[in-house]
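Student: I've got a model to look at, and I'd like to learn how each label gets its reason. Can we go through it together?

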Amino acid sequence: MDLTLTREEEDFRRRLRDWLHRTLPTLPPKPSPADWPARRAYDCAWQRALYDAGYAGLHWPADAGGRGATPTQHLIFLEEAELAGAPYVGANFVGLLHAGPTIAVEGTAAQQARWLPPVLRGEEVWCQGFSEPEAGSDLASLRTRAVRDGDAYVVTGSKTWTSHAEVADWCELLVRTDPSAPGHRGLSWLAMRMDAPGVTVRPLRTLAGSMEFAELFLDEVRVPVAQRVGAENDGWRVTMVTLSFERGTAFAGEVVACRRTLALLARAAKENGRWEDAALRRRLGRLNAEFTALWRLAQWNASEAAHALRTGGNGVPGVGASVFKLRYSHARQELYDAASEALGPLSLDASHEWTLERLSSLSYTIAAGTSQIQQNIIAERILGLPRGR
Amino acid sequence: MDFRLSEDQRALRAGMRDLLVARFPREKLRESAEADPAKRAPLDRALWRELGEIGVFSLRLSEKEGGAGLGLPEAVLVFEEAGRALLPGPLAASHLAAGLVSGAADGTTVVTALEGAGLAEHLDSADAVLLCEGPTVRAFPVGDGAGPLATARPLRSVDPTTPLHHLPEAHEVPCGAERASRTGRLPVAGASATATAAAVDPGRLRAEAALLTAAQQLGSAARTLEMAVAHAKSRTQFGRPIGAFQAVQHLCARMLARTEIARSSVYAASLAMTLGDISGAKLLADEAAVRNARDCLQLHGGLGFTWEADVHLHLKRAWVRQAQWQSTERAEEALAAALLEGAGDCMTETANRVNGAV
């Protein structure tokens, strides 16, 4: 057990910190959240800056154009970027954290050469077409059909909860190529151009009032067979490989941000007098313990991931990733609920940053596997309890 | 950075587990639980000496002092196993007294403590008591019942394996409140010895005691999770193991999440030793031990409510340990106060300032 950084890791941190402090003041002002083209441009410019400085695809394998950094270096990056107030990954989320890693592991050399460099340089944006109106937690029941017609698939169906759809160039699409095969058998993974004829994007308004995601309607969209990653009908495995790429450190930067918010919240309560309320103080103290522990868990997960990489581990998600997701999503909601208590009536002002965060935090226990699904995964795969229904 | 256990650490933990399976099997725990509450279950002194011989108390003393020269991370692993087996006794106090009170290191002297909450465990079996309130640490012989122990009143302890005394006027001092100088020695010669003060940092001592108590809670939480999962796999109702029902699965999943959050918290605190880490570790490990015992009890149904099942012993011990060294209220208040003092800083760097942080 050792939490001290090696000399190499310290050097990495120092160089990164210097670069962040030099670079961040040169960034343009953040665009309005409602202006999607401006958001895309801003996020892509940041990605380009990372690329030029050698920080793009930090945790991607080197042979896929990444930097091959260790999980610890990645964790340091997330922490330093957050502490310096660097932009979030934003519109490049799917490209950098999901579609890209999938292609890096499962794509052919030609596919990697076509798709990965533009993601790293911030030139092409990806979105995700997995969930459907009738296939949410039970993703494997999805019904969007892809019928082979010569050298293309003809895709018909609908997808939902697709973030950044309006500004994306590509969509990683999970489709059914064999309608006779049940469940997760008979699915394939396709890369679809968002400007292909037959693709319709209909933005969805979230409960926070903003347009953060969209529905996709696919009407006989032609997708070249060459844009299938992995074998036909092997799309479920291809997708799962990527899910295991995330090893429980993805939200580590957000944990750093939450700890800072918590400290600000304590100061706000001190100023408005609510700090005198022991119940509120203790609630904030408990959140301090939780976020500190989550950061420690991220360090634990990074260490496990580093070990797995060194020993050629199979990348099965460990205990840590599910536990982290389950506790973090809940803690974030609890943080902004506590914020409303600290703010008092001002928390009912929807223009307050913390009120907006309180609203958006409600998605955390739903997106990327609901808390209920996380608990199923823990119970069945980690604790070995019999399969439920 | 490599947070994982080293091979030596894993071996140490496994060795402690094997030893406790052999020397403190379930029958011994049950025997202790069956003792007449009025007689206040005496400590097994032979076992205490054995624990001393294998180095449970002297673990962190230098080899020159007869110890193993190991650190807090190793002590935490040993205490985790003790908690898992519900090994009774003032383990944290005796461990911290090693090198301060003669005979504590090898288990020939049993040292308990009177700490903030006004509780002292196993006072009748102990030879000496550490008094940890105020700016100094003092050791008193238990024998003459004088000094601060004069007003100690025995409780009918809720935990049948942990006799308790209460001192109503004692008051809790936050852990890590003072810092002080080097380690000294507290000779406790015998019943006639008077109170001695030494240049021990009481804040540091309280922090270490809280951490070692948290480690025991972690072990208990992991054990009740195992008991719950084993029961969920074997108990059949409605024609299937109850572990196939989501209501039961989710209960178990949350037990695991509590255990693992507490684990990373406790292990990290043993390395970083910051006040925030230690208070957080105590808080989360207490919660894991108490809540897991409760859930384990619930999952066992009527059986869980019986004296015969072991789960109530875990719950009751967890309640005792929760009150010791840093109560939930104290931990939460300490963590809240830390927020006003600039928590939210860089965490990896904090971890690099190992030792001396408290």
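Student: How much space lies in the largest cavity?

Tutor: About 110 Å³. Keep in mind that this is a predicted model. Of the 16 residues lining that cavity, the closest to its centre are Pro90(B), Ala93(B), Glu121(B), Gln324(B) and Trp325(B).

Student: What makes something count as a cavity here?

Tutor: A 1.4 Å probe has to fit inside but be unable to get out. With a cut-off of 30 Å³ or more, the count comes to three cavities.

Student: Which elements give two or more residues to the lining of the largest cavity?

Tutor: In chain B they are helix H5 (91-97), strand E1, strand E2 (119-121) and helix H6 (202-234). The lining also draws on two domains of chain B, with at least three residues from each of domain 1 (7-201) and domain 2 (205-352).

Student: How many residues of each class are in the lining of the largest cavity?

Tutor: Eight are nonpolar, five are polar and three are charged.

Student: What about the second largest cavity: what is its volume, and which residues line it?

Tutor: Its volume is about 40 Å³. The lining residues are Gly83(B), Leu86(B), Gln216(B), Gln217(B), Ser220(B), Arg317(B) and Arg321(B). H6(B) gives the largest share, three residues, and helix H9 (311-323) of chain B supplies at least two.

Student: How do the residues lining the second largest cavity split by class?

Tutor: One is nonpolar, four are polar and two are charged. Gly counts as polar by this scheme, so don't put Gly83(B), a lining residue, with the nonpolar group.

Student: Why is Leu43(B) called buried?

Tutor: Set the value against the cut-off. Buried means under 20% relative accessible area, and Leu43(B) has 11%, so buried is the right word. Leu43(B) sits in the loop between helix H2 (26-34) and helix H3 (45-54) of chain B.

Student: Which residues does Leu43(B) touch?

Tutor: Leaving out residues up to four places away in sequence, Leu43(B) touches Trp48(B), Pro88(B), Gly89(B), Pro90(B), Val110(B), His122(B) and Ser125(B). You've met Pro90(B) already, among the residues closest to the centre of the largest cavity.

Student: Then why is Phe238(B) called exposed?

Tutor: Exposed means over 50%. Phe238(B) comes to 77% relative accessibility, so the label is exposed. You'll find Phe238(B) in the loop between strand E8 (236-237) and strand E9 (240-241) of chain B.

Student: What makes the phi of Phe238(B) worth a look?

Tutor: The phi is positive, about 55 degrees, although Phe238(B) is not a glycine. Most residues other than glycine have a negative phi.

Student: Where does Glu220(A) lie, and is that residue buried or exposed?

Tutor: Glu220(A) lies in strand E7 (residues 211-224) of chain A. Its relative accessible area is 56%, so with the cut-off at over 50% it counts as exposed. Glu220(A) also has a positive phi, near 50 degrees, without being a glycine.

Student: How do you know that both faces of strand E3 (residues 128-131) of chain B are covered?

Tutor: Check each side. Ala128(B) and Leu130(B) are on one, Val129(B) and Leu131(B) on the other, and all are buried.

Student: What makes two strands a pair?

Tutor: At least two bridges between them. Strand E1 (residues 111-114) of chain B and E3(B) are joined by four bridges, so they pair, and they run parallel. For instance, Ala113(B) has Leu130(B) as its bridge partner. E3(B) also has four bridges to strand E4 (residues 137-141) of chain B, this time antiparallel, with Val129(B) partnered by Phe140(B).

Student: Which residue takes a positive phi in the hairpin of E3(B) and E4(B)?

Tutor: Gly134(B), with a phi near 80 degrees; the hairpin has five residues between the strands.

Student: Why are E2 and strand E5 (153-154) of chain B called edge strands?

Tutor: Each pairs on one side only. Their open sheet of three strands has the order E2-E6-E5 in chain B, with antiparallel pairing. E5(B) is joined to strand E6 (residues 164-166) of chain B by two bridges, and there Pro154(B) stands opposite His165(B).

Definitions and conventions. Residues are numbered from 1 along each chain as its sequence is written. Chains are lettered from A and ligands numbered from 1 in the order in which they are written. This is a predicted model: local features need pLDDT of at least 70, side-chain atom pairs count only at pLDDT 80 or more; totals for chains, interfaces and linings use all residues. Side-chain values use heavy atoms; hydrogens and water are left out. Buried means under 20% relative accessible area, exposed over 50%, partly exposed in between (1.4 Å probe, protein chains only). On a 1 Å grid over the protein atoms alone, a cavity is a set of points where a 1.4 Å probe fits but cannot get out, and a pocket is an open set with protein on both sides within 12 Å along at least five of seven lines; lining residues have an atom within 4 Å of a point. Grid points are joined across faces, edges and corners, and a volume is the space filled by probe spheres set on the points. Domain bounds come from an automatic or database domain assignment. Contact means heavy atoms within 4.5 Å.
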